[in-house]
Amino acid sequence: MFNIILFGPPGSGKGTQSENLVTKYQLKHLSTGELLRKEIAAETPLGKAAKLVMDEGHLVPDEVVIGMIGSVLKNNEHAKGFLFDGFPRTVAQSEALDELLKQEKAEINVVLALEVGEEELMKRLLSRGLTSGRSDDHSQEIVRERIVEYHKKTTIVADYYKQFNKVVSIKGEGTVDEIFLSLCNEIDKRLS
Ligand code: B4P
């Protein structure tokens, strides 16, 4: 099993790059943002509770996302590998993921961290908000809060994986194709 975490601040291009990466490497795409938006669209109790938190620009509680990931992993035990997009976002989520993978005798092989400046992030998210209908992209205030939340709770996830020497920084500004190429170079190095 080859498992990748695509890491980076909101709007860094995790979702955009994941789509191409899972096609090329035949990995199972696991985006907690997508899973949560599906719950919201289906108006499940989990979705209704998550929407209130996401609309404030905050993170959904750890136990909720860990539970969601746990069931997807269990239902895909024969996957060639997983691409984790937007997960883990806290140290508690990282520890839970390591434990879940250990049960499958697997581990995270690499954390690819997209680096994008704050001004560019604001620009991308507010522009996506014009067409996506996503309420968490709607106002400058919410987008800023999501970036603050990232610095408060999520940047330390990279430090967690750095102690195992698994983090590679990737320049996340440039064209989608250029960034894809840099990501593929790092993956290919580890696959060969
Ligand atoms: P996510 O769905 O993970 O999404 P994201 O951080 O907003 O964006 P992403 O980095 O995927 O950017 P994208 O490619 O779309 O999270 C949403 C919310 O869900 C979180 O705020 C949180 O509340 C909740 N949540 C999710 N996971 C959680 C967890 N594990 N724990 C707790 N809560 C969780 O790109 C953004 C825009 O930039 C797009 O419009 C794209 O077209 C554009 N773009 C991409 N690459 C570009 C490039 N190279 N140049 C120019 N524009 C580019």
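This is a short tour of the ligand site and the two largest pockets in a predicted model.

**Stop 1: the ligand and its neighbours**

Start by selecting the ligand and everything within 4 Å of it. You should pick up 29 residues, and the closest include Thr16, Thr32, His58, Arg128 and Arg146. Colour that shell by residue class and you get 10 nonpolar, 11 polar and 8 charged residues.

Now switch on the helices. α1 (14–25), α2 (32–41), α6 (118–132) and α8 (176–191) each put at least two residues into the shell. Which helix gives the most? That's α2, with 4 residues.

**Stop 2: three polar contacts**

Zoom in on Arg128 and show its side chain. One of the N or O atoms there is 2.4 Å from an oxygen atom of the ligand.

Next, turn on backbone atoms for Val60, where an N or O atom lies 3.1 Å from a nitrogen atom of the ligand. Do likewise for Gly174: a backbone N or O atom of this residue is 3.0 Å from a ligand nitrogen. Then put a surface on the protein and see how much of the ligand is hidden: on its own the ligand has 1000 Å² of accessible area, and the protein covers 86% of that.

**Stop 3: the largest pocket**

Hide the ligand but keep your view where it is, as the space the ligand takes is the largest pocket. You're looking at about 900 Å³ of space. The lining runs to 47 residues, with Lys14, Arg89, Arg128, Arg134 and Arg146 closest to the pocket's centre. Two of those names, Arg128 and Arg146, also came up among the residues closest to the ligand.

To see where the walls come from, select β1 (4–7), α1, β2 (28–31), α2, α6, α7 (140–162) and α8, which are the elements giving two or more residues each to the lining. By class, the lining splits into 16 nonpolar, 19 polar and 12 charged residues.

**Stop 4: the second largest pocket**

Last stop: select Phe7, Pro9, Leu114, Glu115 and Tyr150. These lie nearest the centre of the second largest pocket, which has 17 lining residues. Its volume is about 180 Å³.

Which elements should you show here, with at least two lining residues each? Pick β4 (110–115), α6, α7 and β5 (167–171). Of these, α7 is worth highlighting, as this helix gives the most to the lining, with 5 residues. Colour by class once again and you'll find 9 nonpolar, 5 polar and 3 charged residues around this pocket.

Key:
Residues numbered from 1 in each chain as written. Predicted model: local features only at pLDDT ≥ 70, side-chain atom pairs only at ≥ 80, totals over all residues. Heavy atoms only, no water. Polar contact = N/O pair within 3.5 Å; in protein donor to acceptor, adjacent residues only side chain to side chain. Areas by Shrake-Rupley, 256 points an atom, 1.4 Å probe, with all protein chains shown as cover. 1 Å grid on protein atoms, 1.4 Å probe; cavity = no way out; pocket = protein on both sides within 12 Å on 5 of 7 lines; lining within 4 Å. Sits in = over half its atoms within 2 Å of the grid points. Nonpolar A, V, L, I, M, F, W, Y, C, P; charged D, E, K, R; others polar. Points joined across faces, edges and corners; volume = space filled by probe spheres on them.
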